[in-house]
Amino acid sequence: MLSKFTLKVLWLENNVAIAIDQIVGNGTSPLTSYFFWPRNDAWEQIKVEIESKPWITEKDKIDILNKATEVINYWQEDGKEQSLAKAQEKFPELIFVGGI
């Protein structure tokens, strides 16, 4: 799915924050800053940010936005009631950098 990119997630009580990292070798390199939901429209901000990078393929852009949608929807529906550990179980392919 997100073979060239991954999402970094900050799991908080009142917000979820998502950043995009590019996978480079065995590590990652930050591609964006964190975008917070619901404080801001994180999905729209991610879309604008990746649209400004013409070297990201359309398929990768769609994959990134779809995964961001899944994370935001999970946080909205029941994630904010869940622990960081539960979120990590739900999305094992993502990088969780902190939370409650």
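Trainee: Why is lysine 61 called buried?

Mentor: In this predicted model, lysine 61 has a relative accessible area of 5%, and because buried means under 20%, lysine 61 counts as buried.

Trainee: What makes glutamate 51 and lysine 61 a salt bridge?

Mentor: The closest N and O atoms of glutamate 51 and lysine 61 are 3.9 Å apart, and a salt bridge asks for a side-chain nitrogen of Lys or Arg within 4 Å of a carboxyl oxygen of Asp or Glu, so the pair qualifies. The two residues link distant parts of the chain, with glutamate 51 in helix H1 and lysine 61 in helix H2, ten residues apart. Glu51 and Lys61 also belong, together with Glu58, to a network of salt bridges.

Trainee: Why is glutamate 51 called partly exposed?

Mentor: Its relative accessibility is 39%, and since partly exposed covers the range between under 20% and over 50%, glutamate 51 is placed in that class.

Trainee: How do you know that aspartate 60 forms a salt bridge with lysine 4?

Mentor: The closest N and O atoms of aspartate 60 and lysine 4 are 3.4 Å apart, which is within the 4 Å cut-off, so the pair is counted as a salt bridge. Aspartate 60 lies in helix H2 and lysine 4 in the segment before strand S1, so the pair ties together parts that are 56 residues apart in sequence.

Trainee: Is aspartate 60 buried or exposed, and what about lysine 4?

Mentor: Aspartate 60, at 7%, is under the 20% limit and is therefore buried, whereas lysine 4, with a relative accessible area of 42%, is partly exposed.

Definitions and conventions. Residues are numbered from 1 along each chain as its sequence is written. This is a predicted model: local features need pLDDT of at least 70, side-chain atom pairs count only at pLDDT 80 or more; totals for chains, interfaces and linings use all residues. Side-chain values use heavy atoms; hydrogens and water are left out. Helices (H or I, at least four residues) and strands (E, at least two) are DSSP runs, numbered from the N terminus. Buried means under 20% relative accessible area, exposed over 50%, partly exposed in between (1.4 Å probe, protein chains only).
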